[in-house]
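Student: Please take one part of this model and go through it closely, with the cut-offs stated. I would like a single connected account of its packing and its surroundings.

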Amino acid sequence: MKIVFSDFDGTLTQKGKIGPLFFNILDLVHSNGAEFVVVSGRSISWGHFLLTHFPLEAALMEGGGVILLKDQRGNIIEDTLINEDDLFTLDEVTIKLMTQFPDCPLSADTLGRKTDRAIEWIGQDETQINEIKKFLKEEGMSFTQSDVHINFWVGEQTKYNAIEKYMARYKTGISYDEVLYFGDSMNDESVFERLPHTVGVSNISKVLNELKFKPRVVLNGEENLECSGVYSYLKDSAFNF
């Protein structure tokens, strides 16, 4: 295995936070000669933080809207995968959304987003969240729900599409049989459908029945929750196929 791709929230976190096991995961991957790439619905600004603070090869952010990686000098390159017309439409719909739902809880990292927008859904009024989803559908927006956000965008923006473009543009010598993906949420489904080696950490159980396409391996038990499941699978199984 040459590349480990992984979702972030609920997969690399511990109870919503970055914990010491995250560093153990990175050490384990790199000690086996592989690369580590985060694939997240979080913002471009989060991607910059991850690349400048952790030994990652790349970060595919905003649910597949942008590829972030470093050049030979260590400067971060933004490879935006969404065209300008779609970005303009996204701005228009966001303004309309905030006009119709003035108390819509946009994510705290909204100012750091470019190719999508995110709505905080945890703890929010379920009726209003359902009305917002209806609005997004009527406006022709694509959207999905992660552990923390409802992300919406224009067009065919998916985590798998970003992985596909990353592999084609930057990793042409590596086959899909040499990569592994970890996830736990609905917005990982496009990857579960297409990649041959995928793993769901045990907290995926909360959405497993809703997934049309499930990970090839589903971990079970409290010992495999979130990043504990990632670390255990990498340590015991991932470098043996």
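Tutor: Buried here means under 20% relative accessible area, exposed over 50%, and partly exposed in between (1.4 Å probe, protein chains only). Helices (H or I, at least four residues) and strands (E, at least two) are DSSP runs, numbered from the N terminus. This is a predicted model, in which local features need pLDDT of at least 70 and side-chain atom pairs count only at pLDDT 80 or more, while totals for chains, interfaces and linings use all residues. Residues are numbered from 1 along each chain as its sequence is written, and side-chain values use heavy atoms, with hydrogens and water left out.

The part chosen is helix H2, which spans 44-53. Its buried residues are Ile44, Gly47, Leu50 and Leu51. Viewed along the axis of H2, these residues fall within an arc of 115 degrees (taken from the directions from the helix axis to the C-beta atoms), so they line one face of the helix. Thr52 and His53 are exposed and sit on the face of H2 turned away from the buried side. The cover over the buried residues of H2 includes S2, S3, S4 and strand S5 (76-80), where contact means heavy atoms within 4.5 Å.

Next, the strands around H2. Strands S2 and S3 run parallel and are joined by three bridges; two strands pair if DSSP finds at least two bridges between them. Within this pairing, Val37 stands opposite Ala58 in S3. From S2 the chain passes through H2 to reach S3, and this β-α-β crossover is right-handed, meaning that with the strands pointing away from the viewer the path from the first strand over the helix to the second runs clockwise.

In a regular strand the side chains alternate between the two faces of the sheet. On S3, Ala58 and Leu60 point one way, Ala59 and Met61 point the other way, and all are buried. S3 is also joined to S4, by four bridges, and this pair runs antiparallel. The bridge partner of Ala59 in S4 is Leu68. S3 and S4 form a hairpin with four residues between them, and Glu62 in the turn has a positive phi of about 55 degrees.

H2 also belongs to a wider nonpolar core, that is, a set of buried Ala, Val, Leu, Ile, Met, Phe, Trp, Tyr and Cys residues joined through side-chain atoms within 4.5 Å. The largest such core has 31 residues, of which Leu12, Ile25, Phe36, Leu56, Phe182 and Leu234 touch the most other members. At least two of its residues come from each of helix H1 (20-31), strand S2 (35-39), helix H2, strand S3 (58-61), strand S4 (66-70), strand S9 (179-183) and helix H7 (226-236). H1 gives the largest share, six residues. Leu56 touches Leu26, Phe36, Val38, Leu50 and Leu51, leaving aside residues up to four places away in sequence; Leu50 and Leu51 are among the buried residues of H2. A second, separate core holds 24 residues, including Val37, Ile163, Phe192 and Leu208.

That leaves the aromatic residues of H2. A pair of aromatic rings is described by the distance of the centres and the angle of the planes. Rings of Phe, Tyr and Trp (its six-membered ring) pair if their centres lie within 6.5 Å, and planes under 30 degrees apart count as stacked, over 60 as edge-to-face and the rest as tilted. The whole structure contains 13 aromatic pairs by this search. In one of them, the ring centres of Phe8 and Trp46 are 5.7 Å apart and the planes are at 55 degrees, so the pair is tilted. This pair links distant parts of the chain, since Phe8 is in the loop between S1 and H1 and Trp46 is in helix H2, 38 residues apart. Phe8 is buried, at a relative accessible area of 2%, whereas Trp46 is partly exposed at 23% relative accessibility.

Trp46 also pairs with Phe49: the centres are 5.6 Å apart and the planes at 85 degrees, so this pair is edge-to-face. Trp46 and Phe49 are three residues apart in helix H2, and about one helical turn separates them. Phe49 is partly exposed, at 31% relative accessibility. Ring pairs link Phe8, Phe22, Phe23, Trp46, Phe49 and Phe54 into a cluster.
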